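This report introduces a structure to a reader who has not met it before. Please look at the sequence and the model before reading on.

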Amino acid sequence: MPIPPEVTGEEIDPDVRQELMSLPKGLADDVARNLVMVAQLIDEDPEKAYGYSKVALRLASRVAAVREAAGFAAYANQKYSEALAEFRAARRMSGGVELWPVMADCERGLGRPERALAMAGEPEVQKLDKAGQVEMRLVAAGARRDMGQLEAAIVTLQSPELASHANHPWTARLRYAYADALLAAGREQEAREWFAKALEADKDGATDASDRLAELDGVEFVDAFDEDEDEDAHDDRDGDEPDVRDDADDLDDEDDGEDEAEDDDRR
């Protein structure tokens, strides 16, 4: 797959670059450039990112960072079975636990929420950093909802992290998930309060909390572009009306002609 010449591979995370040093120099550069493309495209064009991840995987399947990138690319394309296999391989190679929450979410994607819940109770969770533990809590709450256990999902999300006034990268998503669970349970007023709190913490627009708040408040947004198009269409119709003469005008012209003929005869 083509890679823009400005992508050199130097843009890659230093830890990943360190892993690639086990490869020959030219090969390491090729893998790095493909991994950069995966990182750049995974949100805006996940299918293309997946293609680059397969190239990197073909070149260096024994590098944990490559297997991890392939896992996330497959995950972004909802290829959960493939993603889970890649994450497991990456974990075996690296020995880390960072991928535990996303592996559990793959189980959810495969329709096995009970396995995701089982993973939430494993010792690996205690080895996660705070962000990882919050992510695991979100996955566990999602699994509860998959199983129709709304109240249990709400309780799962109730935590010191949820109650904290500090703003962390995961704060908005945690508050949003809690608000969404409350709304699903019919607790609309509480949901509105937590959507507002999620919006307050969401500096990067990671959630659609503002839209959800507007829906709860009954606010309807009108697309300005649609209005402009309607006005243009109306103007076009007004400008295109033909300048036609009706039958009455034609009859008047005929009468005028007859009157002039009679005058000529009299003269």
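The text below treats two pockets, a helix pair and a loop residue.

The model is predicted: local features need pLDDT of at least 70, side-chain atom pairs count only at pLDDT 80 or more, and totals for chains, interfaces and linings use all residues. Residues are numbered from 1 along each chain as its sequence is written, and side-chain values use heavy atoms, without hydrogens or water.

| Pocket | Volume | Lining residues nearest the centre |
|---|---|---|
| Largest | about 900 Å³ | Tyr75, Glu135, Leu138, Val139 and Arg173 |
| Second largest | about 450 Å³ | Val16, Ala65, Glu68, Ala69 and Phe72 |

The lining of the largest pocket comprises 29 residues, and α8 gives the most to it, with eight residues. By class, this lining has 17 nonpolar, three polar and nine charged residues. In the second largest pocket, 21 residues form the lining, and α4 gives the most, with five residues.

Helix α8 (residues 130–146) also packs against helix α9 (residues 150–157), at an angle of about 170° and with the axes 7 Å apart. The two helices are therefore roughly antiparallel (an angle over 145 degrees). Their contact (heavy atoms within 4.5 Å) involves, among others, Arg137 and Leu138 of α8 and Leu150 and Ala152 of α9.

Gln78 is placed in the loop between α4 (64–76) and α5 (80–94). The phi of Gln78 is near 60°, a positive value in a residue other than glycine. At 58% relative accessibility, Gln78 counts as exposed (over 50% relative accessible area, with a 1.4 Å probe and protein chains only).

Conventions
Axes fitted to C-alpha atoms, helices over the stretch in contact; angles between N-to-C directions. Helix = DSSP H or I, 4+ residues; strand = E, 2+ residues; numbered from the N terminus. Parallel < 35°, antiparallel > 145°, perpendicular 65-115°, else oblique. Buried < 20%, exposed > 50% of the residue type's maximum accessible area, 1.4 Å probe, protein only. 1 Å grid on protein atoms, 1.4 Å probe; cavity = no way out; pocket = protein on both sides within 12 Å on 5 of 7 lines; lining within 4 Å. Points joined across faces, edges and corners; volume = space filled by probe spheres on them. Nonpolar A, V, L, I, M, F, W, Y, C, P; charged D, E, K, R; others polar.
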